[in-house]
Amino acid sequence: MATLDAPLTLPSGLVLPHRIAKAPMTENLADADNQPTPALERLYRRWAAGAAGGLLVTGNLMVDRRFLERSRNVVADEHLDVARLARVREAAAGSPVIAQLNHPGRQTNRFVASRPVAPSAEAGAVKMMGLFAKPRALTDAEVEAIVAAFGAAARRCEEAGLDGVQVHAAHGYLLAQFLSPYVNRRTDRWGGDLAGRSRALVESVRAVRAATGDGFTVSVKLNSSDFRHGGFTEDDAEQVVRLLVEEGVDLIEISGGTYENPALFGEVEGLGGDDVAGAGSHKEAYFAGFARRVRESAGSVALMLTGGIRTREAMEALLADGGVDLIGLGRPLAIEPDLTAGLLAGETGRPLPRYTLPTVAGLAGESEWYETQIARMGRGLEPDPGLRAISAASRFVSGEAVRGIGGRRRRARLVTSAGRS
Ligand SMILES: Cc1cc2nc3c(=O)[nH]c(=O)nc-3n(C[C@H](O)[C@H](O)[C@H](O)COP(=O)(O)O)c2cc1C
């Protein structure tokens with residue numbers, strides 16, 4: 001039974017001074033060569049200033065520059081300028097920092113990649129406003145190269161002085177696609193039963209461990225479910241938690257959903273910790289029930305819960321009932337970077353203003369609104385809660401189109417070993 005201000009020591013030995021962590025949020029602030037920038041340094045200096053020494057998980061760094069989640073993600077391949085990443089780390093001095101590593105698989109927008117890759121091709125393109133192209137299936141050798149690329153990226157992060165990495169296996173990106181029987185129809189060792197479907201994740205975690213030293217924190221972000229008929233279920237997820245315990249991971253962050261079923265933002269019917277104290281009339285702690293369910297299976301691995309957590313009362317209830325070790329905050333910290341320090345000083349927290357946008361802009365619009373706030377902090381400005389939603393949404397499409405298509409040839413020239421097969 002922990003309180004918000006109780007320290008937490010991860011199995012790796014990393015000591016967190018309290019129970020609030022910044023959840024990963026894509027920054028889209030790399031330069032045209034997908035290298036870390038002074039804007040990222042400013043952003044992390046700002047987040048560290050309000051974090052009271054708490055854990056900062058970066059937005060996703062990509063392991064293969066041909067397949068990005070956003071056109072200006074940092075890419076942690078062999079071209080990464082480790083010294084520049086080290087400067088971002090130093091800017092966040094006082095807070096532990098772990099970098100999220102990702103491969104988007106079929107969830108890479110068509111501006112960035114006209115032919116995405118996926119475990120198999122049958123499920124087709126991600127259905128979202130025509131923004132995604134039809135993927136092709138990865139070969140066995142390509143899957144192996146991607147697994148190795150996770151390990152090599154983790155080693156570069158360690159060289160840059162980061163405290164650990166988080167392997168992204170949630171939200172419908174490549175490793176989550178492997179886990180999902182809806183997307184993964186392979187019949188080889190990377191598909192089939194859960195042992196096969198989880199192989200890409202387990203092997204990636206092993207590659208990360210093998211490439212990094214003792215005391216380096218290894219985390220995984222995992223969906224409770226992908227909220228799709230025929231997809232990855234809570235039963236599957238509980239089994240994967242057990243596998244990750246066997247692999248000796250230090251921290252599992254729980255989330256849920258995909259671009260097509262955005263439970264991560266609470267946009268799926270029936271979600272929500274209605275029984276979480278303080279939740280009131282709003283949906284708070286979307287995946288609290290799953291965290292409670294897997295607590296025992298997780299053993300001594302720390303559980304971070306992210307998604308819709310807003311009030312101090314709910315945070316305290318989640319920690320007190322023993323199901324959750326760490327509270328993850330995403331969107332609130334994009335508009336209130338000092339919130340963590342405030343909550344620790346006794347502020348009550350509050351629901352975010354209800355976000356409204358014409359449904360045609362949907363999830364991309366919501367993400368982009370917050371991403372625009374993040375970009376403001378990268379310029380040394382404070383967030384602007386009055387920002388018009390529609391201008392943020394249109395910025396997404398025009399920005400990704402110009403930068404995504406514009407950078408294709410440049411990225412292709414620098415293709416990593418993960419792509420040569
Ligand atoms: C702008 C933005 C970018 C995000 N990028 C990532 C990401 O790179 N990796 C990730 O795992 N989750 C990402 N997320 C999801 C958050 O980590 C989190 O799961 C989600 O926002 C729900 O938590 P919240 O209700 O506290 O915002 C992003 C969310 C937002 C708003």
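A residue is called buried here if 20 or more other C-beta atoms lie within 10 Å of its own, and that cut-off is what the first stop of this tour turns on. The model is a predicted one.

**Strand E6 and its partners**

Begin by selecting strand E6, residues 97-102, where 6 of the 6 residues are buried. Colour its two sides separately: Val97, Ala99 and Leu101 belong to one side, Ile98, Gln100 and Asn102 belong to the other, and both faces are covered. In a regular strand the side chains alternate between the two faces of the sheet.

Keep E6 on screen and add the strands that pair with it. Strand E4 (56-57) runs parallel to E6, with 2 bridges between them, and on this edge Leu56 has Val97 as its bridge partner. Strand E5, residues 61-62, is likewise parallel to E6 and is joined to it by 2 bridges; here the residue to pick is Met62, which stands opposite Asn102. Strand E9, residues 164-169, makes 4 bridges with E6, again in the parallel sense, and within that pairing Ala99 faces Val165.

**Helix H2 and the loop before it**

Next select helix H2 (82-91), in which Leu85, Val88, Arg89 and Ala91 are buried. Looking down the axis of H2, you will find these buried residues within an arc of 165°, so they line one face of the helix. What they pack against is helix H1 together with the strand you have just left, E6.

From H2, step back to Leu80, which sits in the loop between E5 and H2. Is Leu80 buried or exposed? It has 24 C-beta neighbours inside 10 Å and therefore counts as buried. Setting aside residues within four places in sequence, the contacts of Leu80 are Val75, Leu85 and Arg156, and Leu85 is also one of the buried residues of H2. If you wish to place Leu80 relative to a remote part of the chain, draw a distance to Arg408: the two residues are 328 apart along the chain, and their C-alpha atoms are separated by 17 Å.

**Two positive phi angles outside glycine**

Now go to Ala52, in the loop that connects helix H1 (38-49) with E4. Its phi is near 50°, a positive value in a residue that is not glycine. With 19 C-beta neighbours inside 10 Å, where 20 would be needed for burial, Ala52 counts as partly exposed.

A second residue to select in this connection is Phe227, in the loop between strand E10 (217-223) and helix H7. Phe227 is not a glycine either, and its phi is positive, at about 55°. Phe227 has 23 C-beta neighbours inside 10 Å, and so counts as buried.

**Helix H8 and the nonpolar core**

Move on to helix H8, residues 288-298, and show Ala288, Phe290, Ala291, Val294 and Ala298, which are buried. Seen down the axis of H8, these buried residues occupy an arc of 130°, so they line one face of the helix. To see what that face meets, display helix H7 (234-246), strand E11 (251-255), strand E12 (302-306) and helix H9 (312-320), against which the buried residues pack. Just after the helix, Gly299 adopts a positive phi of about 55°.

Which residues touch the most other members of the largest nonpolar core? They are Phe150, Ile252 and Leu305, in a core of 123 residues, and the largest share of this core, 8 residues, is supplied by helix H3 (140-159). Centre the view on Leu305, whose contacts, not counting residues up to four places away in sequence, are Ile254, Ala285, Phe287, Ala288, Ala291, Leu318, Val324, Ile327 and Gly328. Two of the residues in that list, Ala288 and Ala291, are among the buried residues of H8.

**The shell around the ligand**

Finish at the ligand, which has 23 residues around it, with Ala23, Pro24, Met25, Gly330 and Arg331 coming nearest. Helix H10 (331-335) and helix H12 (362-378) are the elements that give two or more residues to this shell, and H12 provides the largest share, 3 residues. Colouring the shell by class will give 8 nonpolar, 12 polar and 3 charged residues.

How values were computed. Residues are numbered from 1 along each chain as its sequence is written. This is a predicted model: local features need pLDDT of at least 70, side-chain atom pairs count only at pLDDT 80 or more; totals for chains, interfaces and linings use all residues. A residue is buried if 20 or more other C-beta atoms lie within 10 Å of its own, exposed if 12 or fewer, and partly exposed in between; C-beta atoms are placed from the backbone. The arc is that of the directions from the helix axis to the C-beta atoms. Two residues are in contact if their C-beta atoms, placed from the backbone, lie within 7 Å. A residue is near a molecule or strand if its C-beta atom, placed from the backbone, lies within 6 Å of it. Ala, Val, Leu, Ile, Met, Phe, Trp, Tyr, Cys and Pro count as nonpolar, Asp, Glu, Lys and Arg as charged, and the others, Gly among them, as polar. A nonpolar core is a set of buried Ala, Val, Leu, Ile, Met, Phe, Trp, Tyr and Cys residues joined through C-beta atoms within 7 Å. Two strands pair if DSSP finds at least two bridges between them.
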